[in-house]
Amino acid sequence: MAEQNPINESASYEIRMKETTPFSPSTYRNNDHKAKLNKDTQQNIDFIANLPLELIILIMKQFSVVELFDFLSVSKEWQHQISSCSSLWTTLSTSWSLNHDLSKSNPLAAIVRHVENLDLGFENGELNLITRALLDQMDDGNFCKLRKFEMQNCYISNNRMFHIPVKAISHVSNTLKMFEMDYDEYRQHDDDRDHKQRDNYKGLFIPIDDSVTVDIFTPILSIISTCKHLDYFRYANIHLNSDSEDINEMNINITMVNPQLTQLEIELGSIKASNFISLLKLCPNLRVLRAVTFNQPMDHSILDSISQYCPGLEYLTFGFDDDWWFGEDLYSEYHPDEYSASTLLTETQQQQQQPLSSLQELHIKIHNIDHVVSFLDRHSQTIQKMMVSLYLNNNDSFASMQPLEQLDSLVVGYTEDPNILATLLSRLPALQLLKLDEADLGSNNVIHALRTLDTLEELIIGNDTYVYEEDIIELFRAYAERPVTTILKQHEEFITVDCSGLYLARIRQPGQLTFISLYGCNGFLFDEVLEEMGRIKTLSTVYIGFTDSLTCQGINNFCQQLKMLPNFFSIGLAGLACVDDSTLAILGSARNISSVCLRALDNITQEGLNVYKDLKKNDKKGYIFTTDCKNIKDRYL
């Protein structure tokens with residue numbers, strides 16, 4: 001008979017173990033518990049030593065890292081068995097509660113050989129016993145498989161520790177692929193301690209308060225040039241101003257280039273252009289670059305160097321400090337699963353092999369038009385998505401810019417002059433999605449530009465956008481005059497859109513406005529605006545949220561209008577005091593409306609929801625979803 005797999009044979013033991021008395025070191029060492037045990041039994045029975053390794057792993061995976069470290073101190077046998085289980089230690093994440101002293105009997109050397117992902121969380125920003133011990137193990141070269149290394153909320157408080165991160169990382173340079181050092185911006189430091197240490201801060205890889213300027217780029221250059229397999233690097237400390245003296249260009253040479261690095265993120269209080277350019281020279285194959293400053297605008301001359309030294313860049317955040325966007329979400333999208341070995345090229349060879357521009361997504365805060373138009377012109381045939389904040393007051397800023405032929409999605413975070421936005425919109429012939437947040441639309445020019453967007457499919461107007469009521473009515477009236485080119489069938493393509501946590505579906509119909517979202521628009525969103533929007537025959541989906549300027553009669557009349565639209569089927573309503581059970585009854589009676597999503601509506605009741613469900617009982621495709629509604633206990637699908 002073939003030998004059975006031990007882990008399959010022991011699968012039932014896992015269930016029985018869970019049904020027994022909780023198994024933890026505190027139970028094992030509890031004085032009351034020990035008193036009830038026979039002395040001989042204590043000496044002769046070891047629950048772990050007599051189990052097969054597969055079963056030990058099954059048991060130990062039920063416990064946290066803190067509990068596993070507790071187990072290590074029970075006995076030498078436990079320490080050996082647990083530290084030998086490689087699958088328990090593939091990912092090691094420390095925290096403030098993990099502060100064990102393993103100096104007397106140290107199993108760390110065996111454990112760290114298994115670790116592939118290490119996340120060091122610091123206790124109140126300081127090195128605790130375990131964090132210090134792990135960095136020492138790294139410095140001793142005992143991390144053999146480490147691929148991802150994160151340091152969170154770190155604050156280094158004495159001179160000996162200053163060089164620990166950079167020095168330790170040099171000993172994992174052959175395996176490390178991802179490095180991230182992030183500082184907790186909300187941490188408050190003791191002023192006296194900070195002032196005493198400031199003289200020692202220069203040239204060190206540490207986060208400190210926003211009144212200190214340090215050389216952060218020298219250690220960054222050291223890590224990037226040393227770790228030749230590194231493909232992701234992030235350093236974030238918004239309090240740190242990197243305005244130090246220039247890096248010595250004589251020390252930058254071809255042997256320092258890292259051809260594997262494809263994602264680089266630097267988030268600081270300020271960045272000196274010359275130092276950042278020196279960093280770009282080491283990263284010729286970047287696909288994702290995030291350069292964010294919080295205290296000073298980015299020097300726009302850096303854009304020319306980005307084009308020169310990063311020819312294959314696909315995603316760029318430049319100076320944009322809005323916290324909607326995080327680089328972590330980009331990693332899986334832009335990083336390939338496998339990396340082939342790259343040989344170091346001479347500068348001439350690099351220039352010969354430079355690919356054509358491939359920039360597809362750009363987030364940029366524009367304070368000065370110099371260098372920006374020429375940068376956009378270089379990428380006018382590839383940029384598909386763009387997010388901008390326009391701190392400009394020159395109406396002709398974009399007048400000379402080439403049309404961005406491929407750009408189909410634009411998010412506007414801020415505009416100082418609406419006429420500048422009007423000029424920009426006129427250079428976007430393929431725009432399909434436009435989101436306006438805190439934008440100024442108080443100009444006839446920008447309303448005219450919006451009216452002439454023939455390819456627009458999604459219009460999102462959000463918080464604090466400024467526009468006259470009569471102008472938005474005029475805009476919706478122009479859209480209402482556009483004919484419906486196609487009555488869509490059930491098999492047509494759908495797109496999911498995120499509306500403040502409600503996920504709605506819209507029909508994709510090129511060249512027709514099918515989706516409008518209005519939220520936080522108290523300044524202009526009145527019943528008359530809804531009435532005009534209800535006449536736009538191309539609509540398939542609308543979202544109205546978080547405004548107190550509408551009346552119950554206005555929202556109900558609008559829902560009646562939606563029943564007459566040929567392609568309409570989905571609505572989302574959130575944070576509206578005007579919505580009540582009468583609104584649900586209207587939506588329930590609409591045969592074309594099959595998708596209703598409701599959030600934070602305090603004036604709808606369970607009775608009203610039941611009426612809606614009764615009206616839709618014969619609609620097999622219809623559904624209603626509710627969340628955070630005060631009088632509704634459950635969510636319904």
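Where does Gly462 lie? In this predicted model, Gly462 is found in the loop between β13 (458-461) and α21 (469-480). Gly462 is buried, because its relative accessible area of 0% falls under the 20% limit that defines this class. When residues up to four places away in sequence are left aside, Gly462 touches Leu436, Asp437, Tyr519, Gly520 and Cys521. One of these contacts, with Cys521, joins positions 59 residues apart in sequence. The C-alpha atoms of Gly462 and Cys521 are 6.5 Å apart in space.

Two loop residues stand out by their backbone angles. His371 has a positive phi of about 75°, although His371 is not a glycine. This residue is placed in the loop between β9 (361-366) and α18 (372-378). With a relative accessible area of 32%, His371 is partly exposed, because this value lies between the limits of 20% and 50%. Ala600, likewise not a glycine, has a positive phi of about 55°. The loop that holds Ala600 runs between β19 (595-599) and α25 (606-615). Ala600 counts as partly exposed at 25% relative accessibility.

Burial was also examined for whole elements. Helix α6 (residues 53-60) is mostly covered, with six of its eight residues buried. The buried positions of α6 are Leu55, Ile56, Ile57, Leu58, Ile59 and Met60. Strand β6 (residues 263-271) is mostly covered as well, and nine of its nine residues are buried.

Strand β6 also takes part in a pairing with strand β7 (residues 288-293), in the parallel sense and over six bridges. Within this pairing, Glu265 has Arg290 of β7 as its bridge partner. Together with helix α14 (residues 273-280), strands β6 and β7 make a right-handed β-α-β unit.

Aromatic contacts were searched across the whole structure, and seven aromatic pairs were found. In one of them, the ring centres of Phe179 and Phe233 are 5.6 Å apart and the ring planes meet at 35°, so the pair is tilted. Phe179 belongs to strand β4 (residues 178-182) and Phe233 to strand β5 (residues 232-242), so this pair ties together parts that are 54 residues apart in sequence. Phe179 counts as buried at 0% relative accessibility, and Phe233 is buried with a relative accessible area of 0%. Elsewhere, Phe63, Phe71 and Trp78 form one aromatic cluster.

Cysteine pairing was considered last. A disulfide is a covalent bond between the sulfur atoms of two cysteines. A search of the whole structure finds zero disulfides, which means that no pair of cysteine sulfur atoms lies within 2.5 Å. The exposure of two cysteines was also computed. Cys144 is partly exposed, with a relative accessible area of 40%, whereas Cys597 counts as buried at 2% relative accessibility.

Notes
Residues numbered from 1 in each chain as written. Predicted model: local features only at pLDDT ≥ 70, side-chain atom pairs only at ≥ 80, totals over all residues. Heavy atoms only, no water. Buried < 20%, exposed > 50% of the residue type's maximum accessible area, 1.4 Å probe, protein only. Helix = DSSP H or I, 4+ residues; strand = E, 2+ residues; numbered from the N terminus. Contact = heavy atoms within 4.5 Å. Phe/Tyr/Trp six-rings, centres within 6.5 Å; stacked < 30°, edge-to-face > 60°. Pairing = 2+ DSSP bridges. Right-handed = clockwise from strand over helix to strand, strands pointing away.
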